[in-house]
Amino acid sequence: MALLLFQGQQFHYDSATMIMKLKAKIQALEEQMSSVTEKSSKYGQIAAEEVPKGLYCIGIRLTTEWFRNLSLQQKINERMQMEAKLRDNSLNHFCVFSDNIVATSVVINSTSINSKNPAQLVFHIVTDEINYAAMRAWFGTTQFKGVTVEVQKFEDFKWLNASYVPVLKQLQDDDDRTPIKFRNPKYLSMLNHLRFYIPEVFPALNKVVFLDDDVVVQKDLSGLFSIDLNGNVNGAVETCMETFHRYHKYLNYSHPLIREHFDPDACGWAFGMNVFDLVEWRKRNVTSIYHYWQEKNVDRTLWKLGTLPPGLLTFYGLTEPLDPTWHVLGLGYTNVDPHLIQKGAVLHFNGNSKPWLKIGMEKYKPLWEKFVDYSHPLLQQCNFH
């Protein structure tokens, strides 16, 4: 471009010719940049979906131990049958939906270590059929300072079927025009959508704190259970410090349904650390709101991929803003203010660069790794590092 401008000055090209040449050059550069960006995004996604060999090894060994050791199964089954704490609403209940054993272990370990009263904590883990045995073996034999841990698999939920769950029907009916290798499993996993069915998953509970499996807890979280949500269903940290975290970033405002019902400048909020009032959720039948919007989005034109956009629609007008220090985001894709990290109760490695992956951000990995017991024989045998 500089050369073209110089030539224009030297040879006195007419303005129209110069403009055409400049436009052609700009278009070529834009196409080149778009191609590079697309490739970078694709390769980054592939790396993010990688299951490290060590993590795979841990799952295989634990599953083998579970089915080989009948006394272990009996011991854990007896323990869970006697566990009245699972339905005790005077305790602090957390839920994690995950297929990652080590990541889930870090969530529970970091929460228990920083808790003033670990015996008050109950963790409800929901996983899938593939990882169920390994999860039960690990959490049935690992102690977390007196924390109660329950493991379920979503395949056991009889109500979870295509006739009731629109997204499950959509996943089953999905055509194959897009190659499966280019479709993000994160968005195709029922574990990712289970957050919209928490009252059905835990029918006896009144309040739950939902945690993603890519978080680390570094403060006592008991205060979350005494926060007044002022009649709202969802307590969450808002993310509208920047304009791109407002509703118009996630939703398609060219669609009349979106334009008519939602303020484009409404403040977005974060999934990953949420306080849910399940009594209010059931009273307002919030899950039916989620179903309504999922059915309207059968052609996938209302919002971008992910669970946050339908969450923004489902909990619109039903979300209570929490103090930002409860939930600090960005450790999996960007630089975060060190003061925010120091003050944060929950640190979220949202983004592709998870701390258990090679592509994880090196400067933030120690925040996660200090809650992994690398001296554990199983982790050493599987060379997990």
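**Exercise 1. Find the residues that make up the nonpolar surface patch of about 240 Å², and place M1 in the chain.**

Step 1. Keep in mind that you're looking at a predicted model. The patch is built from M1, I26 and L29.

Step 2. Now for M1: this residue sits in the segment before α1 (2-11).

Step 3. How exposed is M1? Its relative accessible area is 40%. Buried would need under 20% and exposed over 50%, so M1 counts as partly exposed.

**Exercise 2. Get an overview of the whole protein: its helices and strands, its buried share and its surface.**

Step 1. Count the elements: the protein has 18 helices and ten strands.

Step 2. Look at burial. Of the 385 residues, 51% count as buried.

Step 3. Turn to the surface. About 19,800 Å² is exposed, and 54% of that comes from carbon and sulfur atoms.

Step 4. Check the contacts. Among those between residues at least 6 apart in sequence, 74% join residues at least 24 apart.

**Exercise 3. Work out how helices α3 and α6 are oriented to each other.**

Step 1. Find the two helices: α3 covers residues 53-68 and α6 covers residues 129-141.

Step 2. Two packed helices are described by the angle between their axes and the distance between the axes. Here the angle is about 80° and the axes are 8 Å apart.

Step 3. Angles from 65 to 115 degrees count as roughly perpendicular, so that's the word for α3 and α6.

Step 4. Who meets whom? From α3 come G59, L62, T63, W66 and F67, and they meet A133, A134, R136, A137 and W138 of α6.

**Exercise 4. Explain the spacing of E65 and R68, then look at other salt bridges among the seven in the structure.**

Step 1. E65 and R68 form a salt bridge, with their closest N and O atoms 2.6 Å apart. The two are three residues apart in helix α3, so about one helical turn separates them.

Step 2. Compare their surroundings: E65 is partly exposed at 26% relative accessibility, while R68 is exposed at 62%.

Step 3. Next comes D156 with K153, whose side chains meet in a salt bridge at 3.0 Å, N to O. D156 is partly exposed at 40%, whereas K153 is buried at 10%.

Step 4. D212 and R195 also pair up, at 3.5 Å, N to O. D212 is in the loop between β4 (207-211) and β5 (215-217), and R195 is in the loop between α9 and α10 (198-201), so this bridge ties together parts 17 residues apart in sequence. Both D212 and R195 are buried.

Step 5. Finally, E280, K283 and R284 are joined into one network by salt bridges that share partners.

**Exercise 5. Decide whether T239 is buried or exposed, and list its contacts beyond four places in sequence.**

Step 1. T239 lies in the loop between β6 (234-236) and α11 (247-250).

Step 2. With a relative accessible area of 8%, T239 is buried.

Step 3. Skip the neighbours within four places in sequence, and T239 touches H245, C267, G268, W269, A270 and L329.

**Exercise 6. Look at the positive phi of N285 and of N383.**

Step 1. Most residues other than glycine have a negative phi. N285 has a positive phi of about 50°, and N383 has a positive one near 55°.

Step 2. Place them: N285 is in the loop between α13 (278-284) and α14 (286-296), and N383 is in the segment after α18 (377-381).

Step 3. Check accessibility: N285 is partly exposed at 45%, and N383 is exposed at 54%.

Key:
Residues numbered from 1 in each chain as written. Predicted model: local features only at pLDDT ≥ 70, side-chain atom pairs only at ≥ 80, totals over all residues. Heavy atoms only, no water. Patch = residues over 30% accessible without salt bridge, like charges linked within 9 Å, V, L, I, M, F, W, Y side chains within 5 Å. Areas by Shrake-Rupley, 256 points an atom, 1.4 Å probe, with all protein chains shown as cover. Salt bridge = Lys/Arg side-chain N within 4 Å of Asp/Glu carboxyl O. Helix = DSSP H or I, 4+ residues; strand = E, 2+ residues; numbered from the N terminus. Buried < 20%, exposed > 50% of the residue type's maximum accessible area, 1.4 Å probe, protein only. Axes fitted to C-alpha atoms, helices over the stretch in contact; angles between N-to-C directions. Parallel < 35°, antiparallel > 145°, perpendicular 65-115°, else oblique. Contact = heavy atoms within 4.5 Å.
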